[in-house]
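Below are some notes for a colleague who works with coordinates, set out as numbered points. They take up strand pairing, then aromatic rings and charges, and then the enclosed spaces.

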Amino acid sequence: MKQNKRKHLKTLFETLGEKYQFNGTILAAEDSEILYHHSFGYAELTEKRLLQTNSLFELASLSKPFTALGIILLEEKGILGYEDKVERWLPGFPYQGITIRHLLHHTSGLPDYMGWFVSNWDQHKIAQNQDIVDMLMNEGLPNYFEPNEGWLYSNTGYVLLAVIIEKASSMSYADFMNTRIFSPVGMSETRVYNRRLRPERIDHYAYGYVYDVHSETYVLPDDLEETNYVVYLDGIQGDGTVNSVTSDLFRFDQALYQDDLISNASKKAAYSPVRLNNGGTIDYGFGWVLQNSPEKGRIVSHDGGWPGYSTAMIRYIDHRKTLIYLSNKEEEAKYEQAILKAAEHILFGQPYEIPERPADKKKKAIEPAIYASYVGSYSFQDGTAARVTAENERLYLEITGQLRLELFPSSETRFFLRSLSVELEFMLGDDVAKSFILYENGTEEEAVRTN
């Protein structure tokens, strides 16, 4: 049976690899045994340096299980408690009533730091965790909701957890992770790495690449206007910046089945869903996304996305199966999900399809003068504001609290976004757009011009 799974995994990934439709490393395991472990594509495009199974990837939000584990280890030692208020560790913290548990569960309601930094930060400086703390302390930004009244994925919350780890342990976040997690588990290649803040030469480093619609090539995110925030947000830790290799992540996966790292009671807490004040539950534990499937049992997983990197670790804990996926070349999310779904089907002995990679997006050449008809302020039905601007013969969309994104023409009235499966169509009246329709995942939403 396992031999059959090995054969099918080989077929799936070699088919994709030979067609250059997968650039990354995959590891699939069952019952503590690696069934398939292979790399395809390039770690560095200019020199055509190939990826190896020991190539080091930025994990992005797949760092969150490690940050959560750091808190669990400190709780087990009695140094902190899940019900501790943030103000215990950050005196004067202005958002009252938020506990460490709320941060772990994404129920704090804290404002997202990215929107503020993109608009307000001096982009010649690299932000670090203290800058996030200063923003929360000094800017008076509104919270999204009161603690535990709702659930909203929060990078800000996980940065604060890293800050609390440092205060509670009297160690840097990187040293704590290394001393208390990476070294004990035998994750010798894994480290917290901020490569623009503190560059090092790492021979097996996998550089992440994004697609540039204008040149129709893959480039470093540092070189693209839309993604160059990777430079000035590079010093932030806790919500990302753990870097690892597939074999180390497999060691981590296996260590979580033992009781040496954390106790069974702590694992139970980590794999338990959030209960909100209204009694509703959300399937997120302490740094893990939770699922329960009739045929696949309990699944604990996390993924990560950051310009150039896409990562996932999926643990089928009742069946002792694991999938680890690290990619360093931007792909459509739907396509990557189809790859993982095929691998999952193979692991469970089910029929699977080899997905076909969508073609790279190409823009249509149109007369930029038409952009003037679309420039203006718009409002969605829920009151969310959007602004369409034109600059240097390019068109941009900015939705309140989100990044400014370039719009690329597929016709004179219809546009697409570079990295999202989103399209926009302008509705003209008297030579000026009176509204636009946003198409996303089969839904349509209208935004009406307000000026």
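1. Val192 has Val242, in strand 9, as its bridge partner, and this contact belongs to the antiparallel pairing of strand 6 with strand 9 (residues 242-244), which runs over 2 bridges. The model is a predicted one. The two strands are part of an open sheet of 3 strands, ordered 5-9-6 and paired in the antiparallel sense, in which strand 5 (57-58) and strand 6 (191-192) are the edge strands, each pairing on one side only.

2. The count of aromatic pairs comes to 27. Among them is the pair of Trp116 and Phe117, which is edge-to-face, with 5.0 Å from centre to centre and 75 degrees between the planes; both Trp116 and Phe117 are buried.

3. Phe426 and Phe436 also form a pair, and because their ring centres lie 5.9 Å apart with the planes at 70 degrees, the pair is edge-to-face. Phe426 belongs to strand 21 (residues 422-429) and Phe436 to strand 22 (residues 432-440), so the pair ties together parts that are 10 residues apart in sequence. Phe426 and Phe436 are both buried, and they belong to one aromatic cluster together with Tyr371, Tyr374, Tyr378, Phe380 and Phe415.

4. Two lysines deserve a remark for their placement relative to aromatic rings. The charged end of Lys321 sits over the ring of Phe348, at 4.9 Å from its centre, while Lys329 lies over the face of Tyr218, 4.3 Å from the ring centre.

5. Tyr218 appears again in the lining of the largest cavity, whose volume is about 170 Å³; a search of the whole structure finds 2 cavities of 30 Å³ or more. The lining of the largest cavity also includes Tyr211, Glu330, Glu331, Glu332, Arg357, Asp360, Lys361 and Arg418, and by class this lining has 4 nonpolar, 1 polar and 7 charged residues.

6. What is the class make-up of the lining of the second largest cavity? It divides into 11 nonpolar, no polar and 1 charged residues, and the cavity has a volume of about 70 Å³. Among the residues that line the second largest cavity are Pro65, Leu69, Phe252, Lys267, Tyr271, Phe286 and Trp288. The elements that give two or more residues to this lining are helix 2 (64-76) and helix 11 (264-270), and helix 2 supplies the largest share, 4 residues.

Note on methods. Residues numbered from 1 in each chain as written. Predicted model: local features only at pLDDT ≥ 70, side-chain atom pairs only at ≥ 80, totals over all residues. Heavy atoms only, no water. 1 Å grid on protein atoms, 1.4 Å probe; cavity = no way out; pocket = protein on both sides within 12 Å on 5 of 7 lines; lining within 4 Å. Points joined across faces, edges and corners; volume = space filled by probe spheres on them. Nonpolar A, V, L, I, M, F, W, Y, C, P; charged D, E, K, R; others polar. Pairing = 2+ DSSP bridges. Phe/Tyr/Trp six-rings, centres within 6.5 Å; stacked < 30°, edge-to-face > 60°. Buried < 20%, exposed > 50% of the residue type's maximum accessible area, 1.4 Å probe, protein only. Lys NZ or Arg CZ within 6 Å of the ring centre and 35° of its normal.
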